[in-house]
Amino acid sequence: MLTIGDFARASRLSAKALRRYDELGLLPPARVDPFTGYRYYAVEQLERARLIAWLRGIGMPLAEVGRVCAMYASDAAAAARAIRDYWARVESETEARRDLAASLVDRLRGHTEMTDGMTDEMNVGATSGATTGATTGRTDAPAFVLRTAVRLDRGLVRAAQQDAAHAGPHLLAVADGYGPEGERAALAAVGALEAVPPPAPSARAGDVLNALEDAVRTADSAVSGLADSGTTLTAAVWTGGRLALAHVGDSRAYLLRDGTLVRLTRDHTVVQALVDAGELDPAEAADRPDRALLLKALDGGDVPPEPELGVHETRPGDRYLLCTDGLSAVAPAEDIRRALAAGVGPDDAAGALVALARSLGGPDNVACVVADVVPG
């Protein structure tokens, strides 16, 4: 048996971290002295401790660390897949932050000072009802076309439809209203976003994000005066080569690329905050009675919420989904992925997602927008 100090040195974990992992059930000691309270660890626990240290080293939240460790004990291959999936999400989020950083540098220092890799302008045009465009700086860059579909469904339980959605030539949006005036709140929020003009040929990512952020504030003002009511909002502006995203609440945006589904937004809920802090296992979140308790929403309050903003480079073959929690809260991510990856067009995919929510009881309204990026 090793004392906590010896075990800390051997595992390269601090004694403070070991006590924290004990409290969370990640790495309980093999024995605790009933009189002194001293913790003792078995040499065999070093492998698990080192795995925890490595997973924390790549930034994995504690709740996910616990799940991967549990997998590793019985199925090392499954644990490896979980780590790979986690890192795919990290890379996607890093890519979005890199794009946003590039746009900020471009805006602050001036377009002419930047290298070609950081000054690709975004062009947009319209043809037969679909949005097309090309990214400058590369003469061989293909033109992209965004093909979209939108579906709204009241569900099987709700008496009224309080969700709203939009899929236009340059704007995708979903909103989930709540309260006695929830329907009006959702429609007002989406209506405010519809006023965002199509990006000009010279528009940069920062300009588009600024316009989106301003539109979210306008949407929040539009909800003002609706007593005890508000709405979530997830919206994206298509630029011909990128998708600029603004998000408030627990509606979601997903990307299906090469068969892998990546969530692009983070729920602004109490439960998600607990998961992020490692105080709640994601598997337990769905069963929490307060899982829909929002930390951010558009409610016309004194201080408008700060939207989560991001820019995502698009590729031909990408499929985007924006949906309210009437789908995401009831359908497992793998079922959503299968419906999106079934090889059907956007309209059929959107219909399949509504059918999926209904097959699981349809407890809430559903709004979903499916958008495909295809060569022009």
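**Figure 1. Helices H1 and H2 are roughly perpendicular to each other in this predicted model.** Helix H1 covers residues 4-11, and helix H2 covers residues 15-23. Their axes are 9 Å apart and make an angle of about 100°. An angle from 65 to 115 degrees counts as roughly perpendicular, so this pair fits that label. On the H1 side, the meeting residues are Ile4, Phe7 and Ala8. On the H2 side, they are Ala15, Leu18 and Arg19.

**Figure 2. Helix H3 crosses helix H4 at roughly 140°.** H3 holds residues 46-57, and H4 holds residues 62-74. The two axes come within 10 Å. That angle makes H3 oblique to H4. The crossing is right-handed. H3 brings Glu47, Arg48, Leu51, Ile52, Leu55 and Arg56 to the contact. H4 answers with Leu62, Val65, Val68, Cys69 and Tyr72.

**Figure 3. Leu193 sits in helix H6.** The helix covers residues 182-193. Is Leu193 buried or exposed? Its relative accessible area is 0%, so Leu193 is buried. Beyond its neighbours within four places in sequence, Leu193 is in contact with Leu171, Leu212, Ala215, Ala219, Leu233 and Ala235. Val216 is 23 residues away in sequence from Leu193. In space, the C-alpha atoms of Leu193 and Val216 are 7.0 Å apart.

**Figure 4. Asp228 and Asp258 each have a positive phi without being glycine.** Most residues other than glycine have a negative phi. For Asp228, phi is about 55°. Asp228 lies in the loop between helix H7 (205-223) and strand S9 (230-231). Its relative accessibility is 70%, so Asp228 counts as exposed. For Asp258, phi is near 55°. Asp258 is placed in the loop between strand S12 (252-257) and strand S13 (260-263). Asp258 is exposed too, with a relative accessible area of 73%.

**Figure 5. Arg319 is a buried residue in strand S15.** The strand covers residues 319-323. How much relative accessible area does Arg319 have? The value is 6%, which means Arg319 is buried. Its side chain reaches the backbone oxygen of Leu340 at 2.7 Å. Residues up to four places away in sequence are not counted among the following contacts. Arg319 touches Tyr254, Leu255 and Leu256, among others. Its partners also include Leu340, Val344, Gly345, Pro346 and Ala349. Val370, Ala371 and Asp372 are among them as well.

**Figure 6. Helices H11 and H12 are roughly antiparallel to each other.** H11 spans residues 333-340, and H12 spans residues 346-359. Their axes are 9 Å apart, and the packing angle is about 150°. Angles over 145 degrees count as roughly antiparallel, which is why this pair earns the label. H11 and H12 cross in a right-handed way. From H11, the contact uses Asp335, Ile336, Ala339 and Leu340. From H12, the contact uses Ala349, Ala352, Leu353 and Leu356.

**Figure 7. Helix H12 has the span expected for its 14 residues.** At 1.5 Å a residue, H12 should span 20 Å. Its end C-alpha atoms are 20 Å apart, so the two values agree. Which residues of H12 are buried? They are Pro346, Ala349, Ala350, Gly351, Leu353, Val354, Leu356 and Ala357. Their cover includes strands S6 (144-153), S15 and S16 (366-375). Helices H10 (325-328) and H11 (333-340) are also part of that cover. Ala355 is another residue of H12. With a relative accessibility of 44%, Ala355 counts as partly exposed. Gly155 is 200 residues from Ala355 in sequence. Their C-alpha atoms are 9.6 Å apart in space. Just after H12, Gly361 takes a positive phi of about 105°.

**Figure 8. The chain has twelve helices and 16 strands.** The chain holds 376 residues, and 47% of them count as buried. What share of the contacts with a separation of 6 or more comes from residues 24 or more positions apart? The share is 65%.

Conventions. Residues are numbered from 1 along each chain as its sequence is written. This is a predicted model: local features need pLDDT of at least 70, side-chain atom pairs count only at pLDDT 80 or more; totals for chains, interfaces and linings use all residues. Side-chain values use heavy atoms; hydrogens and water are left out. Helices (H or I, at least four residues) and strands (E, at least two) are DSSP runs, numbered from the N terminus. Buried means under 20% relative accessible area, exposed over 50%, partly exposed in between (1.4 Å probe, protein chains only). A polar contact is a pair of N or O atoms within 3.5 Å; within protein, one must be able to donate a hydrogen and the other to accept it, and residues adjacent in sequence count only if both atoms are side-chain atoms. Contact means heavy atoms within 4.5 Å. The expected span of a helix is 1.5 Å times one less than its number of residues. Axes are lines fitted to C-alpha atoms, for helices over the stretch in contact, and angles run from 0 to 180 degrees between N-to-C directions. Angles under 35 degrees count as roughly parallel, over 145 as roughly antiparallel, 65 to 115 as roughly perpendicular and the rest as oblique. A crossing is left-handed if the near helix is turned anticlockwise from the far one by less than a right angle, and right-handed if clockwise.
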